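User: I've got a protein model open and I'm not sure how to read it. Can you walk me through it, starting with a cysteine?

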Amino acid sequence: MTPQTMAPIMPPVAETIAQAGHLLKSGFLVGLPTETVYGLAGDATSDQAVARIFAAKGRPSFNPLIAHVADPAEATRLAEVSPLAARLIAAFWPGPLTLVLPRRADCPVSLLASAGLDTIALRCPAHPVARAVIRAAGVPLAAPSANPSGRLSPTTARDVAEAFPAEKVALVVDGGETPVGVESTIVGLFGEKAVMLRPGGLARGAIEAVTGPLGDAGDDHDAPQSPGRLLSHYAPGLPVRLDATRVGPDEALLAFGAEVPPGAFAVENLSPEGDLTAAAAHLFAMLRRLDRSGAKGIAVMPIPAEGLGEAIRDRLSRAAAPRGEAA
Ligand code: TXA
Ligand code: MG
């Protein structure tokens, strides 16, 4: 895409926020920074705006969207908030936790955003620019990650602008690099039972301190699954090889920790100190750079499963999955 056809990037000043709010109220799409990744936002109460999001991403319409609110108290207007849900909201909102809850009968969010399910995914982001834009729009915003369906998630405004032309995305608000770097953790609440639907930017241990052990979506057939959890996702252009302890001369290496095998075509280190929070923040940007390095494939060193390592390993295993099952 030439700079003329790319979606325009604007600094997060008051005029930009007001313009973004106006565009969103008029049904247009806006690229929005959150603390996790950039979102492709539209008015969640408008069928037309929600349809535009699905079309712009090339996303299958059976895969529902998260509705973003600026104020935790908004949840009770959109969903049935159980006592356990209220405790999670009090503990973690605003922040990188999405809750899947039963929709209220009078929920104003487009049924298209829920893909026809009787549940709704809600999130109150912590990023001040995201909250300012939601307030300016005056409606909940449906916002999937702002990447073409199946590809790497965006962590800078430029990633969004390069992926979407101005006809599809009216404006990208520049909030700098997203600090968390992986998507929100998604927890489903079915009765008083909490189920992990997607590991993400809030570590399991923090959530389980409130809920007790989380159920696993895979082993409970009564719990609705996350329809977007298809195998191939978050994929760079190059093939990805996991748990590499050696590397070939035509491979790019995504390293972790201090002991890096020699001989790679190119190297990025998620965290030489072995810090998983730092590694999550760097994950998508480093995969993008290695994808452009000219190597023939990307080899990834083993990542421990604790803390944010669970989300990193989830994203990498989907990046390495056979292609053609993208969502
Ligand atoms: O951090 C994030 O969550 C980012 C930022 C922009 O907020 N958003 C994001 O959205 O990752 P998206 O659309 O890329 O992923 C949302 C996931 C999908 O896997 C979808 O299937 C699931 O949430 N989801 C949405 N509504 C659901 C529902 N009612 N029940 C189960 N899963 C749902
Ligand atoms: Mg996504």
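Analyst: Sure, let's start with Cys107. Keep in mind that this is a predicted model. Buried means under 20% relative accessible area, and Cys107 has 9%, so it counts as buried.

User: And Cys124, is that one buried or exposed?

Analyst: Cys124 is buried too, with a relative accessible area of 0%.

User: How many disulfides are there?

Analyst: Here's the general idea: a disulfide is a covalent bond between the sulfur atoms of two cysteines. To count one, the two sulfur atoms must lie within 2.5 Å. In this model the count is zero. For Cys107, the nearest cysteine sulfur belongs to Cys124 and is 16 Å away. Going the other way, Cys124 is in no disulfide either, and its nearest cysteine sulfur is that of Cys107.

User: What about the whole chain: which helices and strands does it have, in numbers?

Analyst: The protein chain has nine helices and 15 strands.

User: What does the radius of gyration say about the overall shape?

Analyst: You compare it with what a compact globule would have. For 327 residues that is near 20 Å, and the chain has 19 Å, so the two agree. Along the principal axes, its C-alpha atoms fill a box of roughly 60 × 50 × 35 Å.

User: How much of the chain is buried?

Analyst: Buried residues make up 56% of the 327. As for contacts between residues at least 6 apart in sequence, 69% join residues at least 24 apart.

User: And where do the charges sit on average?

Analyst: There are 28 positive and 33 negative charges, and their mean positions are 4 Å apart.

How values were computed
Residues numbered from 1 in each chain as written. Chains lettered and ligands numbered in written order. Predicted model: local features only at pLDDT ≥ 70, side-chain atom pairs only at ≥ 80, totals over all residues. Heavy atoms only, no water. Helix = DSSP H or I, 4+ residues; strand = E, 2+ residues; numbered from the N terminus. Rg over C-alpha atoms; globule rule 2.2 N^0.38 Å. Buried < 20%, exposed > 50% of the residue type's maximum accessible area, 1.4 Å probe, protein only. Contact = heavy atoms within 4.5 Å. Lys, Arg positive; Asp, Glu negative; His and termini not counted. Charge placed at Lys NZ, Arg CZ, Asp CG, Glu CD.
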